[in-house]
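Colleague: I'd like a close look at one part of this protein rather than a tour of everything. Could you pick up from the model below?

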Amino acid sequence: MAALRVLRTWSQTGGRLICVRYFQTCMNVHVLKPKCVCFFGYPSFKYSHPHQLLKTTAALQGQIVQFKLSDIGEGIREVTIKEWYVKEGDTVSQFDSICEVQSDKASVTITSRYDGVVKKLYYNLDDIAYVGKPLVDIETEALKDSEEDVVETPAVSHDEHTHQEIKGQKTLATPAVRRLAMENNIKLSEVVGSGKDGRILKEDILNYLEKQTGAILPPSPKAEIVAPPPKPKDRTVPIPILKPPIFTGKDRTEPIKGFHKAMVKTMSAALKIPHFGYCDEVDLTELVKLREELKPIALARGIKLTFMPFFLKAASLGLLQFPILNASVDENCQNITYKASHNIGIAMDTEQGLIVPNVKNVQIHSIFEIATELNRLQKLGSAGQLSTTDLTGGTFTLSNIGSIGGTYAKPVILPPEVAIGALGSIQALPRFNQEGEVYKAQIMNVSWSADHRIIDGATMSRFSNLWKSYLENPAFMLLDLK
């Protein structure tokens with residue numbers, strides 16, 4: 001059975017308001033013996049005609065539509081307005097960016113479903129918007145298929161109608177670039193992007209503005225350095241009268257939202273897990289040499305090679321031998337689920353707070369492929385544009401706290417995972433070799449935390465030793481790579 005739409009249209013005839021119900025199937029509208037035609041001001045009466053076939057479009061001219069916030073998945077019911085790309089009075093088209101919102105899991109760009117003029121913005125920056133509530137009012141020139149109901153009717157053959165779908169192409173640009181374009185009344189659809197995958201850069205906006213106006217941005221003025229006047233001799237320096245400083249600052253209270261709100265929820269759940277800690281140091285002298293040899297090769301491919309791809313790959317090889325570390329338990333700790341995929345998370349410190357995106361299926365990727373994915377996640381994380389897919393589904397986590405500082409840490413497990421590692425900074429320290437000679441070693445400390453309900457100390461120690469052996473002797477990884 002195909003869906004049939006019932007359209008109600010209103011017309012003015014002889015000073016009387018008439019309501020006629022049409023039955024629409026796809027693009028063809030059949031007037032199927034309407035039960036009644038209502039003449040307001042006169043009693044209703046029965047009306048019967050033979051079947052008629054006609055084509056019509058229910059269009060409302062100059063209608064103001066409430067554009068509501070749709071469900072963005074993952075059970076999210078509220079978001080924070082981070083940036084508006086339009087203002088009242090702006091003209092928008094379908095798929096134009098309206099605003100950027102941030103949930104407790106990811107940032108999402110909301111695009112328009114209509115062509116028209118923005119009449120009202122319902123929220124200010126940093127306001128909380130709710131799913132199903134209006135975001136903006138848009139005055140449209142045509143709103144099709146108003147007041148639709150769905151009933152059952154016999155199926156119509158494919159030859160009786162055609163269906164056309166219009167798809168928009170999303171414009172790639174950072175929020176800063178979008179703001180620059182909005183301030184200069186430039187439509188991003190008219191600008192040719194020179195970045196990767198057609199991404200519009202700041203330089204593209206400036207070049208477009210220069211072509212349109214013929215203006216060249218002036219260089220920033222340089223301050224002249226003026227020599228201080230010579231200090232006169234025998235000059236009496238007055239002693240200033242010191243007044244006690246007066247501090248006028250006030251405390252401020254603000255709601256916890258965004259990624260901080262997600263951290264509250266996750267860390268509260270982590271308090272229920274009995275943590276077992278284990279620490280060790282790793283000699284990365286050989287790995288440092290290997291990375292220096294591979295950096296120019298990776299750079300030639302356009303990829304920045306850090307130590308993290310080696311850490312992730314070594315962890316994945318260790319998880320193959322100790323799968324219980326790549327597992328999860330139910331809320332009552334009655335069942336263990338062993339995860340097939342090694343979706344290893346990397347804790348990142350961003351302006352929005354702590355986020356933990358993950359590299360999917362590390363067990364099937366090469367070190368170069370892992371480095372490529374890490375570069376992508378770091379760029380999106382810095383711009384606050386990580387998707388929900390990037391931030392969910394993790395099975396094991398590594399925190400590179402050493403990139404900021406410190407040696408040892410006490411990492412907190414991210415439920416429902418059962419283990420996490422924190423990596424300290426790499427330091428040049430004296431160590432003894434097998435001949436008892438002192439040499440300059442590149443030492444990194446690692447701190448592990450495991451769920452002591454299902455993981456014992458011996459298992460954590462054996463995993464750490466295997467992971468350590470791969471990093472201290474990178475050639476060993478070749479024996480287990482698939």
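Which residue of β11 does Q102 stand opposite? And please take me through the strands around that spot, then work outwards.

Modeller: Q102 stands opposite S107 in β11. Keep in mind that this is a predicted model, so everything below is read from computed coordinates.

Let's start with the strand that Q102 sits on. β10 covers residues 97-102, and 5 bridges join it to β11, with the two running antiparallel. The pair forms a hairpin, with 4 residues between the strands. On the β8 side, β10 pairs with residues 78-84 in the antiparallel sense, this time over 4 bridges. One pairing to look for there is I81, whose bridge partner in β10 is V101.

Put those pieces together and you get an open sheet of 4 strands, in the order β11-β10-β8-β13, with antiparallel pairing. Its edges are β11 (107-111) and β13 (128-130), each of which pairs on one side only. Ignoring direction, neighbouring strands in this sheet are turned by 45° against each other on average.

How enclosed is β10? Of its 6 residues, 6 are buried, so the strand is largely enclosed by the rest of the structure. As background, side chains in a regular strand alternate between the two faces of the sheet.

Just ahead of β10 there is a residue worth clicking on. F95 is found in the loop between β9 and β10. Its phi is near 75°, a positive value in a residue other than glycine. F95 counts as partly exposed because its relative accessibility is 34%.

That loop also takes us to another sheet, since β9 belongs to an open one of 4 strands ordered β7-β14-β12-β9, again with antiparallel pairing. Here the edge strands are β7 (63-68) and β9 (91-92), and each pairs on one side only. β7 runs antiparallel to β14 (residues 134-140), and 6 bridges join them. Within that pairing, V65 stands opposite I138.

Now for the nonpolar cores. The largest has 54 residues, and those touching the most other members are F311, L312, L325, F396, W448, W467 and L471. Helix α5 (residues 308-321) supplies the largest share of that core, 8 residues. Apart from this core lies another, of 21 residues, with V86, I98, I110 and I138 among them. Those names tie back to the strands we just went through: I138 is the residue opposite V65. In general, nonpolar side chains tend to be buried together in soluble globular proteins.

Since α5 gives so much to the larger core, a few words on that helix. Of its 14 residues, 12 are buried, so α5 is largely enclosed by the rest of the structure. The buried ones include F310, F311, L312, L317 and L319, along with K313 and S316. The length of α5 checks out too: at 1.5 Å a residue it should span 20 Å, and its end C-alpha atoms are 20 Å apart, which agrees.

F396 is a handy way to see what surrounds that core. Leaving out residues up to four places away in sequence, F396 touches A315, L319, L325, W448 and F463, among others, and G345 is also one of its contacts. G345 is found in strand β19 (residues 344-350), and it is buried, with a relative accessible area of 2%. With that same sequence cut-off, G345 touches V356, P357, N358, F396, T397 and L398.

A little further along the chain, have a look at P416, which sits in the loop between β22 (396-399) and β23 (419-432). The peptide bond from P415 to P416 is cis, with omega near 5°.

Finally, a quick look at the annotated part. UniProt, in an unreviewed entry, places "domain: Peripheral subunit-binding (PSBD)" at residues 172-209. That span is 45% helix and 0% strand, and its end C-alpha atoms lie 18 Å apart. N185 lies in the loop between α1 (175-183) and α2 (202-213). Like F95, N185 has a positive phi without being glycine, here near 55°. At 65% relative accessibility, N185 counts as exposed.

For the overall setting, the protein chain has 9 helices and 24 strands, and 36% of its 482 residues count as buried.

Definitions and conventions. Residues are numbered from 1 along each chain as its sequence is written. This is a predicted model: local features need pLDDT of at least 70, side-chain atom pairs count only at pLDDT 80 or more; totals for chains, interfaces and linings use all residues. Side-chain values use heavy atoms; hydrogens and water are left out. Two strands pair if DSSP finds at least two bridges between them. Axes are lines fitted to C-alpha atoms, for helices over the stretch in contact, and angles run from 0 to 180 degrees between N-to-C directions. UniProt positions are given in the numbering used here, feature names are shortened, and annotations may be inferred rather than shown by experiment. Buried means under 20% relative accessible area, exposed over 50%, partly exposed in between (1.4 Å probe, protein chains only). A nonpolar core is a set of buried Ala, Val, Leu, Ile, Met, Phe, Trp, Tyr and Cys residues joined through side-chain atoms within 4.5 Å. Contact means heavy atoms within 4.5 Å. The expected span of a helix is 1.5 Å times one less than its number of residues.
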